[in-house]
Amino acid sequence: MKEYRGANSFISERQTVVTIGTFDGVHVGHRKIIERLVNSAHANNLDSVVLTFFPHPRMVLQQESGIQLINTIEERKHLLEETGIDHLVVHPFTHQFSRLTALEFVRDILVNKLKAKKIIIGYDHRFGRNRTADINDLKQFGKDFGFDVEEISQQDVEQVAVSSTKIRNALLDGRVERANMYLQHPFTLKGTIVKGRGIGKDLGFPTANIEIEEDYKLIPKNGVYVVSSIIDGEKVYGMMNIGTNPTVGGKEKTIEANFFQLNKDLYGKNLEIEMLVRIRDEKKFDSVEDLKVAMKQDRAFSKQYIKDNYA
């Protein structure tokens, strides 16, 4: 897969089949559409192109919405690469770009830049300034500029929309197993290990504090989770707490992972952590001793879960 920052940098010797979307999560519904894209490209001796946008349009046009995304842009790129597409165009979404008319978008971006011979798009897709144009307009543009339009049915589009909503809701409810089923891969958090308060070490459970740079990344519901990661080429398992650590007077939300059978200095490392299952809510215990008892129970649950599912 070749990656481009913006349609202006796109290069292809062949004409293309293009699909357009956010593809947050790159879940099973998205993959069904992309599989159609790739198969169509192969059948017609064309290149397959996914056109996506960053920042997310709502981050630009509705800044107060506080949108939370399943994937960071880097995670999205990695997942799209796995689908077998030829080209990924991540076009910067700006206020200026949002002011393009439908004609300008089709002529200047899809036809002149991306060399579209065919466009695969949802029945309800809207585009151009103020999103005034629809698929019927696109079909007319296709006649004018010489490209075909393949319509994704209402059923398939709604499956994608419902899946994205279901994934976000599942994560916000802490149901990561369900989210992972929709995604067909584990939901991940990626960040840098930073120094924390050192309380976990004092309790006998040294933790790695993960700082996530992207403030738009969805963080699942507070609580304790079973997790895994690849550290120095080795698969390791552990448990992770998302929350404020109320028993020890915590105030700010932190993400802290305790990896089993690992004795390494992780400060400064960039880790990708897979979330496997939620154990329990975060709660304020009556004493630190009660917290330690609960953490031992969490560890025992985690190890049994790992043994039952990943041994």
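Q: Among contacts in the chain between residues at least 6 apart in sequence, what share joins residues at least 24 apart?
A: Keep in mind that this is a predicted model. Take the contacts between residues at least 6 apart in sequence, then ask which of them join residues at least 24 apart. That share comes to 74%.

Q: Where in the chain is confidence lowest?
A: For the chain, the mean pLDDT is 93, with 99% of residues at 70 or more. Strand β4 (residues 87–92) sits at the high end, with a mean of 98. At the low end, with a mean of 69, is helix α9 (residues 199–202).

Q: What area do domain 1 and domain 2 bury between them?
A: The domain assignment gives domain 1 as 2–164 and domain 2 as 187–310, and their centres, over C-alpha atoms, are 37 Å apart. Ten residues of domain 1 touch eight residues of domain 2. Carbon and sulfur atoms account for 57% of the buried area, which totals about 800 Å².

Q: Which three residues supply 52% of the area that domain 1 buries against domain 2?
A: No other three residues of domain 1 supply more of that area. One of the trio, E75, has its side chain in a salt bridge with that of K217, at 2.8 Å from N to O. The trio is Q68, T72 and E75.

Q: Which element gives the most residues to the largest nonpolar core?
A: That core has 29 residues, and L189, M240, F259 and M275 touch the most other members. Elements giving two or more residues to this core include α7 (154–172), β7 (187–194) and β10 (234–243). The top contributor, with four residues, is α8.

Q: Which residues does L189 touch, not counting those up to four places away in sequence?
A: L189 is one of the core residues that touch the most other members. In general, nonpolar side chains in soluble globular proteins tend to be buried together. Here the partners of L189 are I212, K217, L218, I219, P220, M240, I242, I255, L271, E272, I273 and M275.

Q: Is S40 buried or exposed?
A: S40 is in helix α1 (residues 28–43). Beyond its neighbours within four places in sequence, S40 contacts V17, K118 and I120. Buried means under 20% relative accessible area, and S40 is at 8%, so S40 counts as buried.

Q: How many residues apart in sequence are the parts that R14 and D47 tie together?
A: The side chains of R14 and D47 form a salt bridge, 2.7 Å from N to O. R14 is in the loop between β1 (2–5) and β2 (16–20), while D47 is in strand β3 (residues 47–54), so the pair links parts separated in sequence by 33 residues.

Q: Does D47 count as buried or exposed?
A: Its salt-bridge partner R14 is partly exposed, at 33% relative accessibility. For D47 the value is 11%, and the cut-off for buried is under 20%. D47 therefore counts as buried.

Q: Which element holds K139, the salt-bridge partner of E151?
A: The E151 and K139 side chains meet at 2.9 Å, N to O. E151 is in strand β6 (residues 148–152), so the pair ties together parts twelve residues apart in sequence, and K139 is in helix α6 (residues 135–145).

Conventions:
Residues are numbered from 1 along each chain as its sequence is written. This is a predicted model: local features need pLDDT of at least 70, side-chain atom pairs count only at pLDDT 80 or more; totals for chains, interfaces and linings use all residues. Side-chain values use heavy atoms; hydrogens and water are left out. pLDDT is the predictor's confidence in each residue, from 0 to 100. A nonpolar core is a set of buried Ala, Val, Leu, Ile, Met, Phe, Trp, Tyr and Cys residues joined through side-chain atoms within 4.5 Å. Buried means under 20% relative accessible area, exposed over 50%, partly exposed in between (1.4 Å probe, protein chains only). Contact means heavy atoms within 4.5 Å. Domain bounds come from an automatic or database domain assignment. Buried area is the accessible area (1.4 Å probe) that two parts lose on being put together, summed over both. A salt bridge is a side-chain nitrogen of Lys or Arg within 4 Å of a carboxyl oxygen of Asp or Glu.
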